[in-house]
Structure formats: structure tokens, C-alpha cells
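Here is a short briefing to read alongside the structure. Have the viewer open, and take the topics in any order you like.

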Amino acid sequence: MNGNSIKMTVQKDRLDGKIGAMLARKESSRFIARRLIFFDFTQIFLGDEDRGFAILNEVAEHFHVPISSVRVVGSGQFGYSYFSQRDFTPKVSDLDLAIVSPLMFQRYSELAYWITDRYQNQVKFPRKGGISAARQFRDNLSAGYLRPDLMPETPMKEQWFKFFNDLSNKYVDLFDGINAGIFMSDGFLEMRNANLITEYGKAPK
């Protein structure tokens with residue numbers, strides 16, 4: 001899809017207006033990401049707050065973290081994705097979550113470190129296009145972000161995906177799937193989403 005063929009939608013116009021107004025006030029990209037993720041209401045749960053709470057609460061209880069640590073991100077939070085260039089679409093789009101927990105980040109990253117003999121044995125890492133995911137996994141770790149799908153194969157990884165597959169099946173009428181990543185802190189989550197402003201700048205208005 002080229003830039004000229006991007007469909008202008010109500011959700012895109014709303015997000016454009018919100019970001020544009022903050023940029024006009026010369027707010028930083030990190031400030032804008034913080035506002036959009038930590039303050040604004042989740043777009044997809046407007047009018048269906050009970051089910052939204054049920055999903056986030058189930059994740060929080062399963063991983064023993066405060067519910068404030070579980071955040072909706074991506075098009076589910078914003079209503080539109082500059083990366084995929086489309087609105088959030090029920091039953092078609094995924095629900096992407098971020099779990100902000102330094103303890104979980106430490107536990108999963110330490111497991112990956114030791115099970116691969118300090119990353120020297122990369123056999124257990126998944127391969128993407130024939131290339132080991134070890135480098136990408138470590139690059140994300142250095143930015144305070146852990147992607148479970150890039151983890152080496154372990155029982156803990158299997159348990160992670162069993163939980164999210166079961167959760168996805170419970171809400172198949174709402175999403176194509178439910179996924180999550182782990183962040184070491186709110187700050188790292190903000191910084192990762194600050195590139196949203198770059199994508200906003202590329203999108204036609």
C-alpha cells in the first residue's frame with residue numbers, strides 16, 4: 001500500500017488531530033507517547049468496559065502483577081495504526097498488551113541467559129527466515145523490552161503461549177488474537193512508542 005492510497009478514517013483523523021495538537025505545543029515524542037498510552041482511554045473498550053477489565057484483570061492475576069501494570073498498546077489503544085496503515089478492526093486485529101514489570105523482565109531474561117549458556121548456545125532460539133532470533137532478542141532486551149516469541153524454547157515460554165492462546169480463544173469474537181510483551185519500566189514503554197510520532201509524520205494528512 002503506498003502513501004497515497006491510505007484510507008482516511010475517523011479514527012485516523014482523531015489520532016492525527018490529537019498528535020498534531022501536542023506537536024503544535026512542542027511536546028516531546030516521549031510526552032506524547034505517555035499521554036496516549038497512560039492517560040487516554042482505550043478506544044476498543046469504549047462501551048464495553050466490563051470485558052476490557054476482565055481481560056486485563058485475568059492477565060494481571062495470572063502473572064501476579066498489579067492491573068496498572070497491564071497496558072493496551074497499538075491500534076487497540078489508539079484506534080488506528082500508522083505502521084499497518086489501518087484502523088483497529090474487531091475480529092481481524094490483534095489485541096496487543098504490554099506488561100510493565102521489572103521482576104518479570106528479570107525472571108524471563110535471566111532464564112534466557114542461563115538456558116543458552118550466556119547466549120553462546122543459540123540452538124534453542126527460534127529462527128526467522130533461517131536466521132537465529134538471538135540477536136533481535138538481545139537488541140530488544142537492551143531497550144528494556146522482552147518479546148516472548150523470540151525467547152529460546154523453554155517450558156516457561158510454552159506456558160506463556162498456552163495462557164495467551166487460551167485467552168485468545170475466550171475472546172475470539174473480539175480479536176484475532178491476544179499477545180503481550182514485557183517491559184522493564186514505564187519509561188522504556190514510552191520510548192519504544194515514541195517512534196509513533198515518526199510514523200505520524202510520514203502518513204498523509
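**Pockets, sheet and aromatic rings**

β8 makes the biggest contribution to the lining of the largest pocket, giving five residues. Please keep in mind that this is a predicted model. The points below take in that pocket, a second one, an open sheet of four strands and a cluster of aromatic residues that includes Trp 160.

**The largest pocket**

- The space in the largest pocket comes to about 770 Å³.
- Its lining is made of 35 residues, and those nearest the centre are Val 73, Gly 74, Asp 96, Leu 97 and Tyr 145.
- Two or more lining residues come from each of these elements: the helices α4 (75–78), α7 (155–170) and α8 (186–193), and the strands β2 (80–81), β3 (86–87), β4 (95–100) and β8 (178–183).
- By character, the lining of the largest pocket splits into 19 nonpolar, nine polar and seven charged residues.

**The second largest pocket**

- For the second largest pocket, the volume is about 360 Å³.
- Here 18 residues form the lining, with Thr 42, Leu 56, Arg 71, Val 72 and Gln 77 nearest the centre.
- At least two lining residues come from each of α2 (29–39), α3 (49–63) and β1 (70–73).
- Helix α3 has the largest share of this lining, at four residues.
- Eleven residues in the lining of the second largest pocket are nonpolar, four are polar and three are charged.

**The sheet**

- If you trace the open sheet across its four strands, the order is β1-β4-β8-β7, with mixed pairing.
- The edges are held by β1 and β7 (145–146); each has a single partner strand, so one side of each has no neighbour in the sheet.
- Strands of a sheet pair through backbone hydrogen bonds, in either a parallel or an antiparallel manner.
- β7 and β8 run antiparallel and are joined by two bridges.
- Across from Leu 146 you will find Ile 182, which belongs to β8.
- Strand β8 is thus worth a second look, as it sits between β4 and β7 in the sheet order and also gives five residues to the lining of the largest pocket.

**Aromatic rings**

- The model has 15 aromatic pairs, counting rings whose centres lie within 6.5 Å.
- One of them joins Tyr 108 and Trp 160 in an edge-to-face arrangement, at 5.6 Å centre to centre and with 75 degrees between the planes.
- Tyr 108 belongs to helix α5 (residues 102–115) and Trp 160 to helix α7, so this pair ties together parts that lie 52 residues apart in sequence.
- Both partners are buried: the relative accessibility of Tyr 108 is 4%, and the relative accessible area of Trp 160 is 2%.
- Trp 160 also pairs with Phe 164; their ring centres are 5.0 Å apart and their planes meet at 45 degrees, so this pair is tilted.
- Helix α7 holds both Trp 160 and Phe 164, which are four residues apart, about one turn of the helix.
- Phe 164 is buried too, with a relative accessibility of 2%.
- To see the wider group, select Phe 63, Tyr 108, Trp 160, Phe 163 and Phe 164, which together form one aromatic cluster.

Notes
Residues are numbered from 1 along each chain as its sequence is written. This is a predicted model: local features need pLDDT of at least 70, side-chain atom pairs count only at pLDDT 80 or more; totals for chains, interfaces and linings use all residues. Side-chain values use heavy atoms; hydrogens and water are left out. On a 1 Å grid over the protein atoms alone, a cavity is a set of points where a 1.4 Å probe fits but cannot get out, and a pocket is an open set with protein on both sides within 12 Å along at least five of seven lines; lining residues have an atom within 4 Å of a point. Grid points are joined across faces, edges and corners, and a volume is the space filled by probe spheres set on the points. Ala, Val, Leu, Ile, Met, Phe, Trp, Tyr, Cys and Pro count as nonpolar, Asp, Glu, Lys and Arg as charged, and the others, Gly among them, as polar. Two strands pair if DSSP finds at least two bridges between them. Rings of Phe, Tyr and Trp (its six-membered ring) pair if their centres lie within 6.5 Å; planes under 30 degrees apart count as stacked, over 60 as edge-to-face and the rest as tilted. Buried means under 20% relative accessible area, exposed over 50%, partly exposed in between (1.4 Å probe, protein chains only).
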